[in-house]
Amino acid sequence: MNAKINFTPPASLILNKLIALVISAFFLIVGQAHSLEEAAIFEWWDSGLISADEANEMLNLLEEGNQEEACMLAEAYSLENCRPTANASKKTHSTPKNENHKKRLQNKRPPLSPHGYVQWKGRTDSLGHLESSRLDLQVDFYRYRLRLGSQELLTYRNDGVEAYFGQISTRENHSYIPLDTLWGTSLLYPVGNFRIAGAIDTALNRQALIGYNMGAHHEIAAALGRNASVEIFGWQSRQNTSAGLQARASWGQLAAWWQHGQESPLVKMQFQNDPQPLSWKVSAYFHGSEVPEQAHLSKSILQNQLWSSQTITYSDSSPWKTKLTANSRITVPLDSSSTAKYSKASEFFSLNNATAQFKLQASSGPTVLRGTASVTCLDASKNCNQDDLKMQVSSRILEGPGESPGQILLQGSVKSRYARKIGLGQPHLETGITYSQESVNSAGATLILPRANPAENLQVRTQANVGTDFLQTSFAVTFRKKRSESLHPLRAYLQIKAIF
């Protein structure tokens, strides 16, 4: 299980006032902004694209630092394009431009002076109680890294050699499939183009891995990329033995893991191709009624023997930058064989008791006035008898001269659910404004009317990201007001990071 630090929540009234003060302070600060993954999840949650359980799954993955898996879930749940983002922290050291200078720095002994950061993340519920929090301290010195808080881990790296002591998990075990976090040790040693690794934890799970760097060969690198590699691994616990294969190339990755006694292996696939003007991406999990005991998968993936999402995008190079996107999600539950039925409309989905959603979206126009239209089929197995229709208009305005001028983004949208024999439902209205500079700091607010009547249900979503070389703070808060309740925080996320 993942280690967490629980804090005693303050009284809801004090917390609500504190959030209000933080929001007021952030909107008075002028800085740079970057896009928040948590803010995007809040936006999909507020818009009804994802459920509370789906939102919490992704938020938990982001707290653990597993952005790739969170992004994979996001594309399936929200039917929106998603790319894992690197650490948005502002660099505290300049990057050398000269390649020879880079090599000299790589060969130079690492600095002995400690440096790192302290970071706190927290989420509150509708009562103002702190429902989840993580505190992390990371210190780098010489070839060591020490992490304390939500993960307690000592790392040593030197010329390809890696050693981990503490709470080890997915990254430390170099696994493409998410793993449980347990106390233990993990080692990796390169031998030429080979990599040999092993791990043992307190539950007496033992892992052995051997990999080969195929990208070291110019012929293979030209076809598969410089990061192309293949690895064979095995796990042994007190009761079970398992083995698997994982491979990576420039166009994706594949992992297959089979535990002795299980009927089907656990398979994960992620393939993508980004040439212009047409790009595509496919992600999928496949497994039987059981998965290897060391795997740590999301609830929705465990419930379906097939879990997949697909994205195809066509981008025009014209000044209006027209973009056409098709997103889909297909799931087949584990108990499909016992409830299979036929349907004239869709024999495939009914035979497998599968569910499928797909979304078609088109956007076009200059940045000063750009329009987007989309239609989402909520269930293809029912012949798309319910569809979400959405229209959005946005305007991006540059403010001031220079290489990185400030930007003001204005946008508004209307969404409605269309049901056959019933017609359009009540519209869902949103309008918002965001101000940003460069790619590090921003502030914005969105007014949401879920049922087009402010007296019945009104929501306000605010978000900001403020950063310097030494302190970075991010937050997203959604307020709600109904007939029977006053305006109060419905949910909130806050992150504070101090760099030293």
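The expected span of a helix is 1.5 Å times one less than its number of residues. Helices (H or I, at least four residues) and strands (E, at least two) are DSSP runs, numbered from the N terminus. The model is predicted: local features need pLDDT of at least 70 and side-chain atom pairs count only at pLDDT 80 or more, whereas totals for chains, interfaces and linings use all residues. Residues are numbered from 1 along each chain as its sequence is written, and side-chain values use heavy atoms, with hydrogens and water left out.

**Exercise 1. Helix H3**

Compare the span of helix H3 with its expected value, and list its buried residues.

Solution.
- Step 1. Helix H3 covers residues 52-64, which is 13 residues.
- Step 2. At 1.5 Å a residue, the helix should span 18 Å.
- Step 3. The C-alpha atoms at the two ends of H3 are 18 Å apart, so the model agrees with the expectation.
- Step 4. Buried means under 20% relative accessible area, exposed over 50%, and partly exposed in between (1.4 Å probe, protein chains only). In H3 the buried residues are Glu54, Ala55, Glu57, Met58, Leu59, Leu61, Leu62 and Glu63.
- Step 5. Gly65, just after H3, takes a positive phi of about 85°.

**Exercise 2. The chain as a whole**

Describe the secondary structure, burial, contacts and surface of the protein chain.

Solution.
- Step 1. The chain has eight helices and 25 strands.
- Step 2. Of its 500 residues, 43% count as buried.
- Step 3. A contact means heavy atoms within 4.5 Å. Among contacts between residues at least 6 apart in sequence, 45% join residues at least 24 apart.
- Step 4. Accessible areas come from the Shrake-Rupley method with a 1.4 Å probe, and for residues only the protein chains shown count as cover. The protein chain exposes about 26600 Å², of which carbon and sulfur atoms supply 58%.

**Exercise 3. Strand S1 and its partners**

Determine whether strand S1 is enclosed or open, and identify the strands that pair with it.

Solution.
- Step 1. Strand S1 comprises residues 115-124; seven of these ten residues are buried, so the strand is largely enclosed by the rest of the structure.
- Step 2. Two strands pair if DSSP finds at least two bridges between them. Ten bridges join S1 to strand S2 (residues 130-141), and the two run antiparallel.
- Step 3. S1 and S2 form a hairpin with five residues between them, and Gly128 in the turn has a positive phi of about 85°.
- Step 4. S1 is also joined by eight bridges to strand S25 (residues 485-499), again antiparallel.
- Step 5. The bridge partner of Arg123 is Ser132 in S2 and Tyr493 in S25.
- Step 6. His488 is found in S25 and counts as buried because its relative accessibility is 17%. Leaving aside residues up to four places away in sequence, His488 touches Ser126, Thr478, Phe479 and Arg480.

**Exercise 4. Salt bridges**

Examine the salt bridges of Arg123, Arg451 and Arg461, including the burial of the partners.

Solution.
- Step 1. A salt bridge is a side-chain nitrogen of Lys or Arg within 4 Å of a carboxyl oxygen of Asp or Glu. The structure holds 14 of them.
- Step 2. Arg461 forms a salt bridge with Asp46, with the closest N and O atoms 3.1 Å apart. This pair links distant parts of the chain: Arg461 lies in strand S23 (residues 457-467) and Asp46 in helix H2 (residues 37-46), 415 residues apart. Both Arg461 and Asp46 are buried.
- Step 3. Arg123 and Glu131 meet in a salt bridge at 3.9 Å, N to O. Arg123 is buried, with a relative accessible area of 4%, whereas Glu131 is partly exposed at 44%.
- Step 4. Arg451 forms a salt bridge with Glu456, with the closest N and O atoms 2.9 Å apart. Arg451 is partly exposed at 40% relative accessibility, and Glu456 is partly exposed at 26%.
- Step 5. Salt bridges that share partners join Asp46, Glu430, Arg461 and Arg491 into one network.

**Exercise 5. Aromatic pairs**

Classify the ring pair of Phe141 and Tyr144.

Solution.
- Step 1. Rings of Phe, Tyr and Trp (its six-membered ring) pair if their centres lie within 6.5 Å; planes under 30 degrees apart count as stacked, over 60 as edge-to-face and the rest as tilted. By this rule the count comes to eight aromatic pairs.
- Step 2. The ring centres of Phe141 and Tyr144 are 5.8 Å apart and the planes lie at 20°, so the pair is stacked.
- Step 3. Phe141 is partly exposed, with a relative accessible area of 30%, and Tyr144 is partly exposed at 33%.
- Step 4. Phe141, Tyr144 and Tyr156 form one aromatic cluster.
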